[in-house]
Amino acid sequence: MTAAGDVLGEARRRRTFAVISHPDAGKSTMTEALALHASAITEAGAVHGKAGRRGVTSDWMELERSRGISITSAALRFDYRGHVFNLVDTPGHADFSEDTYRVLAAVDCAVMLLDAAKGMEPQTLKLFQVCRHRRIPVITFVNKWDRPGREPLELLDQIEEHTGLRPTPITWPIGVAGHFRGVADRLAGKVVLYERAPGGATKALETELTPERAEAELGADWAQASEEIGLLEAIGADHDQKLFEAHETTPVLFGAALPNFGIARLLDVLVDLAPSPAPRAEVSGSARPLEAPFSGLVFKVQANMDPAHRDRIAFVRVCSGRFERGMVLTHGATGRPFATKYAHSVFGQERATIDDAYPGDVVGLVNATALRPGDTLYTGPAAEFPPIPSFAPEHFAVARSRDSGRAKQFRRGIDQLDAEGVIQVLRSDVRGDAAPVLAAVGPMQFEVVQHRLAAEFGTVISLDRLDYTLARRTDAASAETLARQRGCEVFVRGRDQALLAVFTDQWRMRTIAREHPDLTLEPLIADTHADG
Ligand code: G4P
């Protein structure tokens, strides 16, 4: 096979996806169950489970653990049915939704995980909107069917109402939520019964039945399921690959991650229906072919993940070509060479050296001090991918070092967290360099900054909340007028040098805009679709 053919063949084998869900819907359990099924790990809890986090963790993972949230993002890689799965972790808490944009810029598909009793929850919806913005195909998995929950048809209505996607159930539950017997597989045309396997969280026992036997053995549960399936057929809620890929429909599966019901089917659906990596659009408007020389997108930068390695890792999604460890790449933002001697696949605390990678894969590059989220790396012709949008900040606070003797560490720390994209850093001549304003999507970001500055830079900071609640992009001409207004202030944002005007509230902003109709006040990218 030619080298180009090799790359295309490898790309076709890749499935790169994320699980999006509201906290507690079962993402960790699902991640573990998927990996278990694919036999990537042998020990339940070794990868991601809250109970299973083991070994040394850095100080700020301590914060993460005590709050029961996942801040770290990386990718779990495993093989299944001759395919390579890259499961990219998304932050669990709404306050870290900025990270979500970056993570979802690295995937080709998302699994939307719903709790059968709760249906669509706010964080799920927020994450879904990012998928919609990027037109990422979404597979829906209704979880916890082993516990009492809603009616399946009601859940479908809810999915459609909130997402606008038409649900096309692949499997349909037999037995109401809480009395889960199995599923009718509408796509495979068979009936599968589930039983808990002795010994817990390994595979479930699955028995296949013909519809005739199902009728004889399952009685009223089967009668109800077939009536509902009849209804689905009548309204034409059938899977259509084109509509799914066009982000118009969402295949739905019912299951339970904890006893591993329906997990094998989800893996098969990912192999059979989820798209493999496609050529990625560039700023120029054309797309970089998969077989073009190597290009990758930095979607996440993380420092000091592990105190044993005080380093900085950049997570890169391979977009085209073959990555080989040791390659010298060009860093698009600076034009400088970047050596890739230390390349890893990283998930949680586990690291394994990676020697080569193909489109869809995620590579962790160590010692990546120059890299920022959104940057590109390439060989051959320059690659430039469109910028990753960021959420509009809604919380603002002035940061000051409590110890004036540590001004240098304070500045270094703030710059570092700015570069990682942990928080947006705003500066102005009026406030000066010693008192930057931190802008966050959610207040928990402040806690992370405070904690990391203390733990990693030995700098204790004070944070004084400001009563601003929204930001708009502006220009130099408008800035002069805005600086004279009450309830408004203008800053330069560190990460892109954009001029931002912040306001106490909508009402204040509208009044100023009415009084000065020539002002430039543009919503930040995420504003335009944050509410629908
Ligand atoms: P998250 O990562 O989305 O936050 O959710 P996580 O997997 O931690 O699951 C949240 C809770 O829901 C856990 O219980 C987990 O065991 C439970 N769970 C997940 N999937 C299923 C399922 O299919 N069926 C049932 N019955 N429960 C499920 P917990 O008691 O909060 O935590 P733990 O002590 O069991 O870890």
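**Notebook: sheets, ligand shell, salt bridges**

I started with the eight-stranded sheet. It is open, and its strands follow the order E27-E24-E26-E25-E29-E30-E28-E31, with antiparallel pairing. I looked for the edges next. They are strand E27 (461–466) and strand E31 (522–523), each of which pairs on one side only. I note here that the model is a predicted one.

Inside this sheet I picked one pair to follow. Strand E29 (residues 488–493) and strand E30 (residues 499–503) run antiparallel and are joined by five bridges. I checked the register at one point: Val490 of the pair stands opposite Ala501 in E30.

**Second sheet**

I then went to the sheet of four strands. It is also recorded as open, in the order E7-E8-E9-E10, and the pairing is antiparallel. Which strands stand at the edges? I found strand E7 (171–174) and strand E10 (205–209) there. Each has a single partner strand, so one side of each lacks a neighbour in the sheet. I looked up the twist as well. On average, neighbouring strands of this sheet are turned by 25 degrees against each other, direction ignored.

I walked across this sheet strand by strand.

- E7 to E8: I counted four bridges between E7 and strand E8 (residues 182–185), and the two run antiparallel. Pro173 has Val183 in E8 as its bridge partner.
- E8 to E9: Four bridges join E8 to strand E9 (residues 190–195), again antiparallel. Here Ala184 has Val191 in E9 as its bridge partner.
- E9 to E10: This pair is antiparallel over five bridges. Val191 stands opposite Leu209 in E10.

So much for the register. I kept a separate note on Val191: this residue is the bridge partner of Ala184, and Val191 also stands opposite Leu209.

I stopped at the hairpin of E8 and E9. Four residues lie between its strands. Gly189 in this hairpin takes a positive phi, near 65 degrees.

**Ligand**

Next I turned to the ligand. How many residues surround the ligand? I get 17, and the closest are Asp24, Lys27, Ser28, Thr29 and Asp146. I sorted the shell by class: six residues are nonpolar, five are polar and six are charged. I also asked which element gives the most to the shell. It is helix H2 (residues 27–37), with three residues.

I listed polar contacts, taking backbone first. A polar backbone atom of Lys27 is 2.7 Å from an oxygen atom of the ligand. For Ala25, a polar backbone atom is 3.4 Å from a ligand oxygen. On the side-chain side I noted Asp146, with a polar atom 2.8 Å from a nitrogen atom of the ligand. How much of the ligand does the protein cover? The ligand has 700 Å² of accessible area on its own, and the protein covers 68% of this.

**Salt bridges**

Last, I checked charged pairs. The count comes to 27 salt bridges. I looked at one of them closely: Asp361 and Arg14, with the closest N and O atoms 2.8 Å apart. What does this pair tie together? Asp361 lies in the loop between strand E21 (356–357) and strand E22 (362–366). Arg14 is in strand E1 (residues 14–21). The pair therefore ties together parts that are 347 residues apart in sequence.

Definitions and conventions
Residues numbered from 1 in each chain as written. Predicted model: local features only at pLDDT ≥ 70, side-chain atom pairs only at ≥ 80, totals over all residues. Heavy atoms only, no water. Near = heavy atom within 4 Å. Polar contact = N/O pair within 3.5 Å; in protein donor to acceptor, adjacent residues only side chain to side chain. Areas by Shrake-Rupley, 256 points an atom, 1.4 Å probe, with all protein chains shown as cover. Nonpolar A, V, L, I, M, F, W, Y, C, P; charged D, E, K, R; others polar. Pairing = 2+ DSSP bridges. Axes fitted to C-alpha atoms, helices over the stretch in contact; angles between N-to-C directions. Salt bridge = Lys/Arg side-chain N within 4 Å of Asp/Glu carboxyl O.
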